Amino acid sequence: MVVASPTPVGPDRIRPTGGLLPVIDLSRRRSHVTDRILRACEEFGCFKLVNHGMPRHVVANMEAEAFVFFGQLEPEKRRAGPPDPLGYGCRNIGLNGDTGEVEYLLLHTNQASINQRSKTISKDPKKFSCIVREYVEAVRDLTAEILEILGEGLRLKDPKVLARLVKDDESDSVFRLNHYPSLLTSDNGEGDDNNNNNNNSRDMSSEESGYCCVNGDGGLKGVIGFGEHSDPQMLTLLRSNEVLGLQVCVGEGLWVPVSPDPDSFCVLVGDALQVLTNGRFVSVRHRAMTNPYKSRLSMVYFGAPPLPARIAPLPETITAQRPSLYRPFTWAEYKKTTYLHRLSHSRLDLFRAEEIVVDDEENRITELNSI
Ligand SMILES: C=C1C[C@]23C[C@@]1(O)CC[C@H]2[C@@]12CC[C@H](O)[C@@](C)(C(=O)O1)[C@H]2[C@@H]3C(=O)O
Ligand SMILES: O=C(O)CCC(=O)C(=O)O
Ligand SMILES: [Fe+2]
């Protein structure tokens, strides 16, 4: 396993090299894969998945459609917005004032919803919804396969219990396309190195955004595309074009860039899986930076249970030494809480058996149970 060896550096310093995360080859022997995925979820809350078997054309078709959409002029794209939270959004993330240098499409994975949304997204809605369906089905099956491996690794009585939650017809999984325009790109996409991006829109140029993204010495200066957070769902499968941007937090203020590899997926443990495993797996904090020279496109599937599903530590993960760390809640309840808070909020703390409230303003921590 290729692992990060975090050397302590100052807050918010970035280790300069990519590719430090565990890399898991899904085509290898099952017991080997199980062992590695388990360790990666425990130690990092994320890993890179290669040889995953997802058909190339399914990924390529989805990417091409996404570039066509984001390459349109702003008024065209706005037909698919504003986000409610589904639909097209630009710079505003969620409903609570979070912003970033990103534009996105957020879709529910339910087919009826995809069909309906496609009408405002594409001039050929049938084709668009078909391509999204193919991608979502393939990535859902891959997510279910990983969850089944995890179920076996955790020695659950029913090893398929986690996989069934995302395979359920009523699953609340969502799919997100994030586009981070290159801040130095001219309208015609020059300098955009083959990214297939006919970026006509002027809304995200560096002049207008007021951002300076190149240091005096010509080096990269971080401009936040998507701020620090953990994903609320169970498991996230993220794939991007060949442009650096995603970073994961592997320790106090230690951000590791995830090397972009269009043939791989970055798999991230979400909050719900942290709870289901009673904290054995960690939901990883991550963020995305923009790249001054190249526009970046990420396609992100968030595997979630149905809204009424009960989220609580699985019995096999509760021991005398490690009693239940979380109180039970439904996915609907957790999702609602997610939308009441800012992107960076540590919302899982609200569901601890010993409930913790973090006052965002002054960063004071109050143990509710001790009041
Ligand atoms: C600011 C917000 C955007 C978000 C909902 C939230 O209130 C906090 C969590 C955010 C997040 C992060 C992961 C996914 O991208 C997302 C769709 C999700 O489920 O939680 C987004 C939400 C969003 O953009 O609507
Ligand atoms: O675009 C990325 O690489 C990260 C996006 C992300 O974290 C999200 O959409 O939740
Ligand atoms: Fe995320």
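# Briefing on the predicted model

Ile149 is buried, having 22 other C-beta atoms within 10 Å. The model in which this residue sits is predicted. Its protein chain holds 9 helices and 17 strands, and 41% of the 371 residues count as buried. Among contacts between residues at least 6 apart in sequence, 69% join residues at least 24 apart. The points below start from Ile149 and proceed to the sheet, the two ligands and Leu343.

**Ile149 and the packing of α1 with α5**

- Ile149 is placed in helix α5.
- Apart from neighbours within four places in sequence, Ile149 is in contact with Val33, Thr34 and Ile37.
- These three residues of α1 are among those that meet α5: Val33, Thr34, Ile37, Leu38 and Cys41 in α1 face Ile146, Ile149, Leu150, Glu152 and Gly153 in α5.
- Classified by type, the contact of α1 with α5 comprises 7 nonpolar, 2 polar and 1 charged residues.
- Two packed helices are described by the angle between their axes and the distance between the axes.
- For helix α1 (residues 30-43) and helix α5 (residues 125-153), the angle is about 90 degrees and the axes lie 9 Å apart.
- α1 is therefore roughly perpendicular to α5.
- The C-alpha atoms of Ile149 and His229 are separated by 26 Å, with the two residues 80 apart along the chain.

**The open sheet**

- An open sheet is formed by 8 strands, in the order β2-β3-β11-β8-β13-β6-β5-β4, with mixed pairing.
- The edges are held by β2 (23-25) and β4 (87-93); each has a single partner strand, so one side of each is left without a neighbour in the sheet.
- On average, neighbouring strands of this sheet are turned by 25 degrees against each other, direction ignored.
- Helix α4 (residues 111-121) packs on the sheet and touches β4 and β5, its direction making about 125 degrees with that of β5.
- Helix α5 also packs on the sheet, where it touches β5, β6, β8, β11 and β13 (296-303), and its direction makes about 130 degrees with that of β8.

**Strand β8 and its partners**

- Strands of a sheet pair through backbone hydrogen bonds, either parallel or antiparallel.
- Strand β8 (residues 235-240) runs antiparallel to strand β11 (residues 265-269), and 4 bridges join the two.
- Within this pair, Leu235 has Val269 of β11 as its bridge partner, while Thr236 stands opposite Leu268.
- β8 is also antiparallel to β13, to which 6 bridges join it; here Leu238 stands opposite Val300.
- β8 is mostly covered, with 6 of its 6 residues buried.
- The cover extends to both faces: Leu235, Leu237 and Arg239 on one side are buried, as are Thr236, Leu238 and Ser240 on the other.

**Surroundings of ligand 2**

- The residues around ligand 2 are Arg176, Asn178, Phe226, Asp231, Leu238, Ser240, Gly245, Leu246, His286, Ala288, Ser298 and Val300.
- The elements giving two or more residues to this shell are β6, β8, β12 (286-289) and β13.
- By class, the shell around ligand 2 divides into 5 nonpolar, 5 polar and 2 charged residues.
- Leu238 and Val300, which belong to this shell, stand opposite each other in the pairing of β8 with β13.

**Surroundings of ligand 1**

- Ligand 1 is surrounded by 17 residues, of which the closest are Pro85, Gly94, Asp98, Asp231 and Leu343.
- Two or more residues of this shell come from each of β5 (98-108), β6 (174-180) and α9.
- The shell around ligand 1 has 8 nonpolar, 5 polar and 4 charged residues.
- Asp231 is listed among the closest residues to ligand 1 and also among the residues that surround ligand 2.

**Leu343**

- Leu343, one of the closest residues to ligand 1, lies in the loop between α9 (331-340) and β16 (356-359).
- Leu343 has 18 C-beta neighbours inside 10 Å and therefore counts as partly exposed.
- Beyond its neighbours within four places in sequence, Leu343 is in contact with Ile93, Gly94, Asp98, Gly227 and His229.
- Gly94 and Asp98, two of these contacts, are likewise among the closest residues to ligand 1.
- Leu343 and His52 are 291 residues apart along the chain, and their C-alpha atoms are separated by 30 Å.

Note on methods
Residues numbered from 1 in each chain as written. Chains lettered and ligands numbered in written order. Predicted model: local features only at pLDDT ≥ 70, side-chain atom pairs only at ≥ 80, totals over all residues. Buried ≥ 20, exposed ≤ 12 C-beta atoms within 10 Å, placed from the backbone. Contact = placed C-beta atoms within 7 Å. Near = placed C-beta within 6 Å. Nonpolar A, V, L, I, M, F, W, Y, C, P; charged D, E, K, R; others polar. Axes fitted to C-alpha atoms, helices over the stretch in contact; angles between N-to-C directions. Parallel < 35°, antiparallel > 145°, perpendicular 65-115°, else oblique. Pairing = 2+ DSSP bridges.
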